[in-house]
Every structure is written in C-alpha cells, then in structure tokens.
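This report walks through a few local features of a protein model, beginning with a contact between a charge and a ring. Please keep the sequence and the structure in view while reading.

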Amino acid sequence: MKFSKKLQQLPPQFFATLVQKVNAALAEGRDIINLGQGNPDQPTPSHIVTALQEAATNPQHHKYPPFRGIPELRQAAADFYKREYNVEIDPQTEVAVLGGTKIGLVELPLAVLSAGDTILLPDPGYPDYLSGVALADVHLETMPLLAENDFLPNYSALTEDVKERAKLLYLNYPNNPTGGTATLEFFEETVRFAKEHQIIVAHDFAYGAIGFDGQKPVSFLQAEGAKDVGIEMYTLSKTYNMAGWRIGFAVGNAQIIEAINLIQDHLFCSQFPAVQQAAAVALTSSQQCTEELRETYERRRNVLIEEAKRIGWQVTAPKGSFFAWLPVPIGYTSEQFTALLLEKADIAVASGNGFGQHGEGYIRVGLLVSEERLREAIQRIEKLQLF
Ligand SMILES: Cc1ncc(COP(=O)(O)O)c(C=O)c1O
C-alpha cells in the first residue's frame, strides 16, 4: 500500500530503538535500571482519582463534551495561574483545553504557520516538537542550548535572516533534557525579541512544578507583555502524576488561543468531561501532593549528583525538571556510552544526540526510580572504572 507523503516525512522515533533494546534485555531476565524514560513513576494522588470516580458516575459526563472544554476546567486553569503566578487569565478567551500538551505543541504550527514558514526550536529539545514541524511542513531553525549559557538560547547569535524569517519560537523551562531553568529577565528579553521580530512565543511549561534549591520555576506569562506575543502550555502529567490521563491546557494570548481552539474544533471533541472535572480538582485543591513530589525528585537528584561526584564524574546538578544531563566520559560518543551502559552495567539512559546535534556529548538520566536504585546505578558505573 502507498500512503501519504506526509506520513513518509514524519521524523524517525529516535527513542523507539532504546525501548526495544531495553525490552529485549528485560525479556532475557536482566535487572535493568531504566533511567531512559520520562514517565512519572508515582501514582496520581488519591483525591484526584476519587474526583474522577465520582465524576464518572455523572450521566452528564457521558455525553459529548463541550468542544472547548468544560467551564470548570477553564476557570480552574485561570485560578491556578492567579494563585501560583499572580497572572490574570480570562477563562473564556485565554484558555484552551488540550488532550495533553504534546497535542498542543504538535498542532500549534498547523494553527499559526503556513507551509514554508520558519519555526525556531531549542537544540537539544523535546523530540516531539519535530512532529509538528513535519506535519505543518514548516522550515526549522535551531537555537543551541549550551552549558556555558546556562542552557538558554542566545538570540543575538541568530543571523538577521533567521530573525526576520522566524514566526514561531518554542521554549521549555525547566528544560527537558538539560535540567536548566529560566529567569524572569530571560523571559523579558524573549518578549522584547519577539516584539521586535514579530515572533509568536510558545513556552512549554511541562516541568513548571519541579524546581530545586528553593527556586520556584518562573512562568513565561509573568514577564511583562508576554501575553502580547505568546502562550504557555501547562500539563497535569508531571505536576500531579497524571501522564496517562492526557490532560493539559494552553493559556495566554487570546488570538493564539482562538487559533488553537479553532483547529481543535476540527480535530477533536475535547476530553472525557470526568477527566476534565478531576483535573479542575487537581488544580484547585491542596498542592501538598505536588510539594511532596518535588521534594522526592530533589532528594533523588541529590543522591545521583553526590554519588556521581564521589566516583569522579564531573557533573552539574540540574536546577529543575526530573532529568539530569550528564557529560559522557572522554573517548565516547553519546551513543557509544549509552550502549556501553546497557551492555556492561544493565543501565538504560537516553543518548543526548537524540535531542539534537547539541545533545552530543551528554546522556539524559531520569530521576524516576528510587534513591536506592540511583545509588546502585552509580555503583554499577563505578565498576566500569571510567572516571
Ligand atoms: C518538554 C515536554 N513537553 C511536553 C511533554 C508532553 O506532556 P503531555 O503530553 O503529557 O502533556 C513532555 C512529556 O514528556 C515533555 O517532556
């Protein structure tokens, strides 16, 4: 059978190979410590599950949902932004309900760009951004995220031609994969840059709840004028361990929100209303569960980084997200080191080059296993005598 050209243009799923290798090793009965994935390991807090159970019994929720999400969730998103970031959001015009932010990030280029327009993406970056590039047939330019610049893009390093052509810009802090965080000043600079060059900004705030060392991650919308140029996408996947529930939202500039809603009117019929109802409960009830989760990730980070330093590995602690971005030993590429860890230490990690050219020289380690397993992982690496 012959299928569409678009299907053939879709980027290869770099991490599918890793998953296959890990599964094959597990099938051999090997005790693999899987640090390669980005799937929260804890269950959804019980008060949110209870809210879903109750909402699922309401026959009103068995019907088609309103196309643009239930009003309770849009209001909860606005209340959440007011409470957490002191940002005013109009629940009618400035919120779009998403079936997870992956959808929002992939459909946004389709909604706001035309084929051949230019999008600016971070390198390294979340690979799914590339799916949106392929589906919308847009031109991609990358912004290197380098350690010496705290993994923030340097707008002044872009050529005049790229700055003039760019119409959409993606950012993501706390950052996957580098663990870098953004400052309010950086977001203010982003607003100035976007205004000067008429670029739409989409900030992917997937790890918004996970900041370390007492630093609460900054929302892009806290920067003055941010709503003039962009939106922020927020997912419940990480903040409340709800990755399987597929629920998130976009907030910000009303015109961009309308564009997202319009494309979604054609693609989806919104999410199961009971899930939306439970999401509203998650956003508006006690946030103690999120604080405990954040503390868990910080403890794991501390164990990983302390242990890595103990064996002589020159690593830098991530400031947020649930990932650590670690340099590979001299003499190895990212893929070689990843393969070595799997073969000789039964440890799975994500090879940095899978996130882009500037990911070469790193591996990404997920903080999604217990402190004990992280300690054991470093002990296994110690035996390889690489540092
Ligand atoms: C940077 C980043 N953005 C977006 C997502 C997608 O989250 P979801 O589709 O679950 O909302 C992820 C998930 O891993 C992510 O790491």
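## A charge over a ring

In this predicted model, Arg364 lies over the face of Phe323, at a distance of 3.8 Å from the ring centre. The strand that begins with Phe323 is strand 9 (323–327), and it is joined by five bridges to strand 12 (residues 362–366), the two running antiparallel. Within that pairing, the bridge partner of Phe323 in strand 12 is Gly366.

## The open antiparallel sheet

Strands 9 and 12 belong to an open sheet of three strands, whose order is 9-12-11 and whose pairing is antiparallel. Strand 9 and strand 11 (350–351) stand at the edges, and each has a single partner strand, so one side of each is left without a neighbour in the sheet. In a regular strand, side chains alternate between the two faces of the sheet.

## Parallel strands around strand 6

Elsewhere in the model, strand 6 (residues 200–204) is mostly covered, since four of its five residues are buried. Strand 5 (residues 166–172) runs parallel to strand 6 and is joined to it by five bridges, while strand 7 (residues 230–235), also parallel to strand 6, is joined to it by four bridges. Asp204 of strand 6 can be followed in both pairings: Asn172 stands opposite Asp204, and Asp204 in turn stands opposite Met233 in strand 7.

Strand 5, helix 8 and strand 6 together make a right-handed β-α-β unit. Helix 8 is also the place of His197, a residue that counts as buried because its relative accessibility is 9%, below the cut-off of 20%. The side chains of His197 and Glu164 are joined by a polar contact of 3.0 Å. When neighbours within four places in sequence are left aside, His197 is in contact with Lys163, Glu164 and Ala166.

## Aromatic pairs

How many aromatic pairs does the model hold? The count comes to 26 aromatic pairs. One of them is formed by Tyr81 and Phe249, which meet edge-to-face, with 6.2 Å from centre to centre and 80° between the planes. Tyr81 lies in helix 4 (residues 71–85) and Phe249 in strand 8 (residues 248–252), so this pair ties together parts that are 168 residues apart in sequence. Both Tyr81 and Phe249 are buried.

Tyr155 and Phe186 form another aromatic pair, which is stacked, with 5.8 Å from centre to centre and 15° between the planes. Because Tyr155 lies in the loop between strand 4 (139–144) and helix 7 (160–165), whereas Phe186 lies in helix 8 (residues 184–197), the pair ties together parts that are 31 residues apart in sequence. Tyr155 is buried, with a relative accessible area of 3%, and Phe186 likewise counts as buried, at 4% relative accessibility.

## A cluster of rings

Ring pairs also link several aromatic residues into a cluster, whose members are Phe80, Tyr81, Tyr85, Phe205, Tyr234 and Phe249. Tyr81 and Phe249, already described as an edge-to-face pair, are thus seen again within this cluster.

Terms used: Residues numbered from 1 in each chain as written. Predicted model: local features only at pLDDT ≥ 70, side-chain atom pairs only at ≥ 80, totals over all residues. Heavy atoms only, no water. Phe/Tyr/Trp six-rings, centres within 6.5 Å; stacked < 30°, edge-to-face > 60°. Buried < 20%, exposed > 50% of the residue type's maximum accessible area, 1.4 Å probe, protein only. Lys NZ or Arg CZ within 6 Å of the ring centre and 35° of its normal. Pairing = 2+ DSSP bridges. Right-handed = clockwise from strand over helix to strand, strands pointing away. Polar contact = N/O pair within 3.5 Å; in protein donor to acceptor, adjacent residues only side chain to side chain. Contact = heavy atoms within 4.5 Å.
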